[in-house]
Amino acid sequence: MLRWLWLAVAVLGLDQLTKSIAEHQLVQFAPVEVLPFFNLSLVYNTGAAFSLLGEAGGWQRWLFIALALGVSVVLVVWMRRLSAGERLTAAALALVLGGALGNVIDRIWHGHVIDFIDLHYAGYHWPAFNLADSAITVGAVLLIATSLLPEPPSRGRDEAGPDDPAP
């Protein structure tokens, strides 16, 4: 199932492209309204999700890089062990992998993650995020969904389907 790595590479490429555009077109902390609930707003996050450990003094950068690289190895091994029928799981893992690597590249090159998507309603703002974060979230939701869904029945050689000729 490593053929799904193209999706991880696509997520990584789109993530880095959109972050580059955001850095060149936006001014930090100067939101640009796109829709009444959606701004583009350049923010640098030295922490993890929701700026967890953002003010920790710098050591967290290396912790998050190591964690992301370790998780990436686990994801690739997991993808390699999937059967051909586990396409949704493979896609979910590829989304998480591409997102994790997109953010780890930011941490290595810049020392922080570049966020620029700002969703808000009635004065309340969701923490800013990026395409990598979105891919990780969608991938995680898909992984949860695939674990909750019943496995499709497998059709062995001895089982004939309704449209298959009798043996």
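**Exercise 1. The hairpin of β3 and β4**

In the hairpin of β3 and β4, two residues stand between the strands, and A122 there takes a positive phi near 50 degrees. The model is a predicted one, in which local features need pLDDT of at least 70 and side-chain atom pairs count only at pLDDT 80 or more, while totals for chains, interfaces and linings use all residues. Residues are numbered from 1 along each chain as its sequence is written, and side-chain values use heavy atoms, with hydrogens and water left out.

Task: describe the place and the exposure of A122 and G123, and name the bridge partner of Y121.

Solution.
Step 1. A122 is found in the loop between β3 (113-121) and β4 (124-125), where helices (H or I, at least four residues) and strands (E, at least two) are DSSP runs numbered from the N terminus. G123 has its place in the loop between β3 and β4 as well.
Step 2. A122 counts as exposed because its relative accessibility is 59%, and G123 is exposed with a relative accessible area of 64%; buried means under 20% relative accessible area, exposed over 50%, and partly exposed in between, with a 1.4 Å probe and protein chains only.
Step 3. β3 and β4 pair in the antiparallel sense over two bridges, two strands being paired if DSSP finds at least two bridges between them. Y124 in β4 is the bridge partner of Y121.
Step 4. G123 also lies 9.5 Å from F37, C-alpha to C-alpha, although 86 residues separate the two in sequence.

**Exercise 2. A positive phi in another loop**

Task: locate F29 and state what its phi is.

Solution.
Step 1. Most residues other than glycine have a negative phi, and most peptide bonds are trans.
Step 2. F29, which is not a glycine, has a positive phi of about 65 degrees.
Step 3. F29 lies in the loop between α1 and β1 (32-35), and it counts as exposed at 61% relative accessibility.

**Exercise 3. The sheet**

Task: work out the order of the strands, and explain why one side of β1 and of β4 is left without a neighbour in the sheet.

Solution.
Step 1. The four strands form an open sheet in the order β1-β2-β3-β4, with antiparallel pairing.
Step 2. β1 and β4 stand at the edges and each has a single partner strand, so one side of each lacks a neighbour in the sheet.
Step 3. β1 pairs with strand β2 (residues 38-45) in the antiparallel sense over three bridges, and V32 stands opposite L40 in β2.
Step 4. Helix α3 (residues 87-110) packs on the sheet, where it touches β2 and β3, and its direction makes about 125 degrees with that of β3.
Step 5. β2 and β3 pair in the antiparallel sense over six bridges, and D118 in β3 is the bridge partner of N39.
Step 6. Seven of the nine residues of β3 are buried, so this strand is largely enclosed by the rest of the structure.

**Exercise 4. Helix α1 and its partner α4**

Task: describe how α1 and α4 pack, and then follow Q16 to its contacts.

Solution.
Step 1. Two packed helices are described by the angle between their axes and the distance between the axes.
Step 2. α1 and α4 pack at an angle of about 145 degrees with their axes 8 Å apart; axes are lines fitted to C-alpha atoms, for helices over the stretch in contact, and angles run from 0 to 180 degrees between N-to-C directions.
Step 3. V11, L14, D15, T18 and K19 of α1 make the contact with L131, A132 and A135 of α4, contact meaning heavy atoms within 4.5 Å.
Step 4. Q16 lies in helix α1 (residues 5-25) and counts as buried because its relative accessibility is 19%.
Step 5. Leaving aside neighbours within four places in sequence, Q16 is in contact with G102, I105, D106 and W109.

**Exercise 5. The nonpolar cores**

Task: identify which elements give two or more residues to the largest nonpolar core.

Solution.
Step 1. The largest nonpolar core has 17 residues, and W4, L7, L93 and A94 have the most contacts inside it; such a core is a set of buried Ala, Val, Leu, Ile, Met, Phe, Trp, Tyr and Cys residues joined through side-chain atoms within 4.5 Å.
Step 2. α1, α2 (59-81), α3 and α4 (131-148) each give two or more residues to this core, and α3 supplies the largest share, eight residues.
Step 3. A second, separate core of eight residues includes A22, L42, I114 and I117.
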